[in-house]
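User: I would like to go through this model with you and ask, for each label, what it rests on.

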Amino acid sequence: MTDAPAAANSGNPIETDVAIIGAGPIGLFAVFELGLLDLKCHLIDILDRPGGQCTELYPEKPIYDIPGLPIVTGQELVDRLMEQIKPFDPQFHFGEMATSLEKLDDGRWKLKTDQGTEIIAPVIVIAAGAGSFQPKRPPVPGIETFENAGDGIGVHYAVRKMETFRGKNILIAGGGDSALDWVINLAPLAKTLTLVHHRDGFRAAQHSVNQMRELEAAGKVKFHVASVKALHGEPGKLTGVTLAGADKSEWQHDADVFLPFFGLTIKLGPIAEFGINLHENLIPVDTARFESQTPGIFAIGDINTYTGKLKLILSGFHEAALMAQAAFHIARPNEKLRFQYTTSSSNLQKKLGVN
Ligand SMILES: Cc1cc2nc3c(=O)[nH]c(=O)nc-3n(C[C@H](O)[C@H](O)[C@H](O)COP(=O)(O)OP(=O)(O)OC[C@H]3O[C@@H](n4cnc5c(N)ncnc54)[C@H](O)[C@@H]3O)c2cc1C
């Protein structure tokens, strides 16, 4: 089957074998297991990169219980998975939320995203972990009108390209590692950089706190014990904010860009509305196929539940292998499946590009 390019395609749906919701470690390994069976995949993730919890929550922490890898960081594991699935040319739709799922008359599924992408596939794999990651929005009235204003202006919850912030009046809020890391990294580029936090203490690594204090002493960063009360400007164009100090005094502050770093929440999100049977926000599956109670919709990794489930990466890898075998019979009902080892099958080695 040929895949259309991975781009928003409203009105011109992509047809593929498998649509995977979630590009965490388990969604990625599913591409490998499905690829060995010649099944093509499109993956959707609300994040702007692969890796799920591994890259978003603990990229530099070592993992010690991946079989055959005595020690590997979250980021390294994801980099290796990306390398391993390269031969299968998966198509990624990053920065997109899977929002709806509809059964078509021909038995296939149509999956839609909030960016207008539509994917039609006989098999849906939900590898959505604990749900979609969403930044915590500070309680400032009208803040949403300044979001997505464009590169380097308005309100952003992540820094993707530092250069877009060059020469700007930057306001950062928060007291954790992300807030302090971005103070340190953006200070050399900024016209002015101000950090606000509700108390004179931080939850960040001590060396980051020390560096921030040095920048403050050198006059390169201003720090206030304060919070943001209001944003000023027109929708999409921030010009300043009202800050409120601990003593309730308020003052105006010029800012082109506001970067709040108040952590991420994980929400199940639209999957709850897909009409799939859920148990405490998890998808019950049978352990022979890892299929939900809706035929054709599989659930692997942290999102599923069954007797004895362990939320471990290695469990998800096993689930992906069994899911792929079952998914094959749905996607290729008239073909036979032959069990083969990668070590000895020249057919599999050809697919992997090693033979
Ligand atoms: C601090 C920490 C340490 C850990 N250490 C270990 C360890 O040592 N060993 C171990 O085995 N496990 C460890 N884990 C657990 C491990 O990270 C998880 O089991 C694993 O990440 C689950 O992978 P997953 O692919 O199922 O889900 P996730 O990694 O959660 O990925 C799911 C992805 O789906 C996306 N998504 C969800 N819903 C949607 C939607 N509607 N639209 C678009 N995208 C969506 C999310 O954005 C996310 O990227 C640790 C976890 C944490 C938090």
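User: What makes domain 1 and domain 2 separate units here, and how many Å lie between their C-alpha centres?

Analyst: The C-alpha centres of domain 1 and domain 2 lie 37 Å apart, and the division itself places 14–133 + 265–351 in domain 1 and 137–262 in domain 2, with bounds that come from an automatic or database domain assignment. This is a predicted model, in which local features need pLDDT of at least 70 and side-chain atom pairs count only at pLDDT 80 or more, while totals for chains, interfaces and linings use all residues. Residues are numbered from 1 along each chain as its sequence is written.

User: Why is proline 135 called partly exposed?

Analyst: A residue is buried if 20 or more other C-beta atoms, placed from the backbone, lie within 10 Å of its own, exposed if 12 or fewer do, and partly exposed in between. Proline 135 has 16 other C-beta atoms within 10 Å, and is therefore partly exposed. Across the protein, 36% of the 355 residues count as buried.

User: Which residues does proline 135 touch, and in which strand does proline 135 lie?

Analyst: Proline 135 lies in strand S11, a strand being a DSSP run (E) of at least two residues and a helix one (H or I) of at least four, both numbered from the N terminus. Leaving aside residues up to four places away in sequence, proline 135 touches Tyr157 and Leu264, where contact requires C-beta atoms, placed from the backbone, within 7 Å. The C-alpha atoms of proline 135 and histidine 156, which are 21 residues apart along the chain, are separated by 9.7 Å.

User: What makes S6-S3-S2-S10-S21 an open sheet, and which strands are at its edges?

Analyst: The five strands of this open sheet follow that order with parallel pairing, and strand S6 (91–94) and strand S21 (297–299) are the edge strands, since each pairs on one side only. The twist averages 20° from one strand to the next, the angle being taken between N-to-C directions, on a scale from 0 to 180 degrees, of lines fitted to C-alpha atoms (for helices, over the stretch in contact). Two strands count as paired if DSSP finds at least two bridges between them; strand S3 (residues 41–45) and S6 have four, in the parallel sense, and isoleucine 44 has histidine 93 in S6 as its bridge partner.

User: How do you know that S15 and S16 pair, and in which sense do they run?

Analyst: Eight bridges join strand S15 (residues 222–234) to strand S16 (residues 237–245), and the two run antiparallel. One bridge partner in S16 is valine 241, which faces leucine 231 in the pairing. The hairpin has two residues between the strands, and glycine 236 takes a positive phi near 90° there.

User: What places a residue in the shell around the ligand, and which are the closest?

Analyst: A residue is near a molecule or strand if its C-beta atom, placed from the backbone, lies within 6 Å of it. The ligand is surrounded by 37 residues, and the closest are Gly22, Gly24, Gly52, Gly129 and Gly301. Helix H2 gives the most to this shell, with four residues. By class, the shell has 22 nonpolar, eleven polar and four charged residues, where Ala, Val, Leu, Ile, Met, Phe, Trp, Tyr, Cys and Pro count as nonpolar, Asp, Glu, Lys and Arg as charged, and the others, Gly among them, as polar.

Definitions and conventions. Two residues are in contact if their C-beta atoms, placed from the backbone, lie within 7 Å.
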